[in-house]
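User: Please take me through this model by way of questions, with the cut-offs behind each term spelled out as they arise.

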Amino acid sequence: MVFFWRKSDVEKKAEKGDKNAILELIKQGKKEKAERILKKYASEREDLAEVLFELYVQEGRLVQAYPYLRRFDGKIGTAKERAKVYQAVGDYEKAVGEYLKVGDFESIFNIAKIYRQLGKNKEALNYAERALNIVPYDRKEELENFIKELKSELGLVEEKKESILEKLKRGLKKTKEVVEFGVLFRGRKVNEEFFEELEEMLVKVDIGVKTAVDITERLRKEAIRKNIREGEQIKELLKKELKELLKNCRGDLNIPEKNGAVLLFVGVNGSGKTTTIGKLAYQLKRDGKKVLLVAADTFRAAAIEQLEVWAKRAEVDLVKKQEGTDPGAVVYEGMKKAQEEGYDVVLIDTAGRLHTKEPLINELRKIKKVIQKFDSEEPAEALLVIDATTGQNAIQQAKVFKEAIDITGIVITKLDGSAKGGAIVAICKELKIPIKLIGVGEKIDDLQAFDVNAYVDALLD
Ligand SMILES: Nc1nc2c(ncn2[C@@H]2O[C@H](COP(=O)(O)OP(=O)(O)O)[C@@H](O)[C@H]2O)c(=O)[nH]1
Ligand SMILES: [Mg+2]
């Protein structure tokens, strides 16, 4: 609507509270006059309060707009205007409510900023991530920086997750430093010298002399038959050989779905039993299992304490008794607790003093007997833990433990600290027991299933 007023008429009518006249005054730029008139009526008349409210908002005088908003119970202005006013006076709850009604990028981002200001970083992150779905191109960087800062304040700075292969490569670093397969294969001509070097390297990584000689011999023949001249091609053949050799060397951990599945860990002192139990407990707990640790290595107090530290780290329960207690008695208590309190998995730590062979064997047999008093089908696994740095010597140790108890699987630890990453091949060939887990570091998530393809690729690439 367009009105043609004579100046005096406009002012007169405006003074009497005529809304159109007041709007005309504002249009003419006489905002101060309009404001003075509006203030006179605004506490009574909602339509004029709204005009005044909008006048204030447009001029950025948000605090002055607030009383009218309150007076009319949040019913004047647009949701966006109301949100801005509430935010300006610190009525954050109402501001968030109004911004949510608007729902555009700016509003959702503003909510995130409000929460951050209030120190509620989690909520802030939640809304910032919602805003990310609707962010216009030119605001993206700003929002992403905001999110980055929040995450870092929340301690959520995402460490890039290492893939299994990357972790394995890191784990095999030492082996690969000593024996540089990469250098051998890259750009080398395939001749007798090449095969001699290859054989030497295979021996060095401890896959076993006979295996090394056999494999090299097969590759020699293959190279002639297929007229192979490039090292890279031999690498692929060697990978195939090793994968074939290891094909039957892996196994999955057997944890039956029932109450009180038992995993018994045996192995010489220092092989990594306690550490492995800690890492595994953490994984099982993360998978939603109720896990109980049993400290049946009672020979030294420090061994019990070490398991206790891991139990805390993995946030699982622990059964322990005093140093020197009969391990059978600790296992008894653990099994009883597991049964009574419905634990899914029981991980039992044991002592492994090889120089006392007979007592060791008796102790393990007794532990097994105690377990079977509770459940004749257990233990589901008796895992022999082997330190990779001992290389093929581990095979001798394994024989002692096999005398005492049926070993159902092998855990190879410290692959990261060993230059003998190839010992897995020898151990597998010799013992014919599946390798179920490998340890590639001292951290809680440095334990993985044995993946033959990943292992061979990591060793040779
Ligand atoms: N680098 C490395 N160290 C390990 C690994 N597993 C265990 N260890 C270390 O080996 C040492 C002995 O381990 P421990 O669990 O106490 O062996 P246990 O005597 O068989 O219980 C500890 O210092 C562990 O931190 C592994 O996979 N990598
Ligand atoms: Mg231990």
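Analyst: This is a predicted model, in which local features need pLDDT of at least 70 and side-chain atom pairs count only at pLDDT 80 or more, while totals for chains, interfaces and linings use all residues. Residues are numbered from 1 along each chain as its sequence is written, and chains are lettered from A and ligands numbered from 1 in the order in which they are written.

User: How do the residues of the shell around ligand 1 divide into nonpolar, polar and charged?

Analyst: A residue is near a molecule if its C-beta atom, placed from the backbone, lies within 6 Å of it. Of the 19 residues around ligand 1, G272, K273, T274, T275 and G439 come nearest, and the largest share, 3 residues, is supplied by helix α17 (residues 273-286), where helices (H or I, at least four residues) and strands (E, at least two) are DSSP runs numbered from the N terminus. Ala, Val, Leu, Ile, Met, Phe, Trp, Tyr, Cys and Pro count as nonpolar, Asp, Glu, Lys and Arg as charged, and the others, Gly among them, as polar. On that scheme the shell around ligand 1 holds 2 nonpolar, 12 polar and 5 charged residues.

User: In what order do the 8 strands of the open sheet follow one another?

Analyst: Two strands pair if DSSP finds at least two bridges between them, and in this open sheet of 8 strands the pairing is mixed. The edge strands, each pairing on one side only, are β3 (317-319) and β8 (447-449). Read across the sheet, the order is β3-β2-β4-β1-β5-β6-β7-β8.

User: Which strands does helix α19 lie across?

Analyst: Strand β2 (residues 291-296) runs parallel to β4 (residues 345-350), to which 6 bridges join it, and A295 stands opposite D349 in β4. Helix α19 (residues 327-341) runs at about 165° to β2, with axes taken as lines fitted to C-alpha atoms, for helices over the stretch in contact, and angles running from 0 to 180 degrees between N-to-C directions; residues are in contact if their C-beta atoms, placed from the backbone, lie within 7 Å. The strands that α19 lies across are β2, β3 and β4.

User: Why is β6 described as largely enclosed by the rest of the structure?

Analyst: A residue is buried if 20 or more other C-beta atoms lie within 10 Å of its own, exposed if 12 or fewer, and partly exposed in between, with C-beta atoms placed from the backbone. From β6, G409, V411 and T413 point one way and I410 and I412 the other way, and all are buried. The strand is therefore largely enclosed, the count of buried residues in β6 being 5 of the 5.

User: Is V440 buried or exposed?

Analyst: V440 lies in the loop between β7 and β8, and its C-alpha is 5.6 Å from that of K414, although the two are 26 residues apart in sequence. Beyond its neighbours within four places in sequence, V440 is in contact with residues including K167, R170, L415 and D446. Because V440 has 26 C-beta neighbours inside 10 Å, it counts as buried.

User: Which residue in the loop between α22 and β7 has a positive phi although it is not a glycine?

Analyst: The residue concerned lies in the loop between α22 and β7, and its phi is about 55°. With 9 C-beta neighbours inside 10 Å, it counts as exposed. This residue is K432.

Methods:
Contact = placed C-beta atoms within 7 Å.
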